Amino acid sequence: MQKIRFTLLLILLPALLPAQNMSNQNGRAGESAGYASRDATVLSMMGWGVGLAAGIAALCALVHNDTAHTHS
């Protein structure tokens with residue numbers, strides 16, 4: 001049973017893996033790494049920004065802000 005499963009996986013391997021472009025179209029090696037680093041930085045900054053905004057909003061919602069004094 002394991003041989004059949006292993007053979008099936010080997011046959012389906014090219015269909016499961018995405019096709020990789022082996023040619024360097026822009027002529028600059030390592031440019032993809034720069035894009036990945038930039039994307040990671042952008043995602044991190046967006047995450048921190050959304051997290052800080054949500055934290056500040058939660059603090060503003062939780063802090064009791066009753067400064068009005070009523071005199072009878």
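1. Starting with the fold: the protein has 2 helices and 0 strands. Keep in mind that this is a predicted model, so read the points below as describing a prediction.

2. Next, burial. Just 1% of the 72 residues count as buried. The exposed surface comes to about 7100 Å², and carbon and sulfur atoms account for 67% of that area.

3. Helix α1 spans residues 2-16. How many of its 15 residues are buried? The number is 0, so α1 lies largely in the open. L9, which belongs to this helix, fits that picture: its relative accessible area is 51%, and it counts as exposed because the cut-off for that label is over 50%.

4. There's a bend to look at in α1 as well. The helix has a kink of about 30° at L10, and the proline P14 follows shortly after.

5. L9 turns up again in a nonpolar surface patch, together with L8, I11, L12 and L16. Taken together, these residues offer about 510 Å² of accessible area. As a reminder on spacing, an α-helix has 3.6 residues a turn, so residues three or four places apart point the same way.

6. On charge pairing, the count is 1 salt bridge. D39 and R38 form a salt bridge, with 3.2 Å between the closest N and O atoms. Are these partners buried or exposed? D39 has a relative accessible area of 38% and R38 is at 46%; both are partly exposed, because their values fall between the 20% and 50% cut-offs.

Key: Residues numbered from 1 in each chain as written. Predicted model: local features only at pLDDT ≥ 70, side-chain atom pairs only at ≥ 80, totals over all residues. Heavy atoms only, no water. Helix = DSSP H or I, 4+ residues; strand = E, 2+ residues; numbered from the N terminus. Buried < 20%, exposed > 50% of the residue type's maximum accessible area, 1.4 Å probe, protein only. Areas by Shrake-Rupley, 256 points an atom, 1.4 Å probe, with all protein chains shown as cover. Salt bridge = Lys/Arg side-chain N within 4 Å of Asp/Glu carboxyl O. Patch = residues over 30% accessible without salt bridge, like charges linked within 9 Å, V, L, I, M, F, W, Y side chains within 5 Å. Bend = angle between axes of the 7 residues up to and from the residue.
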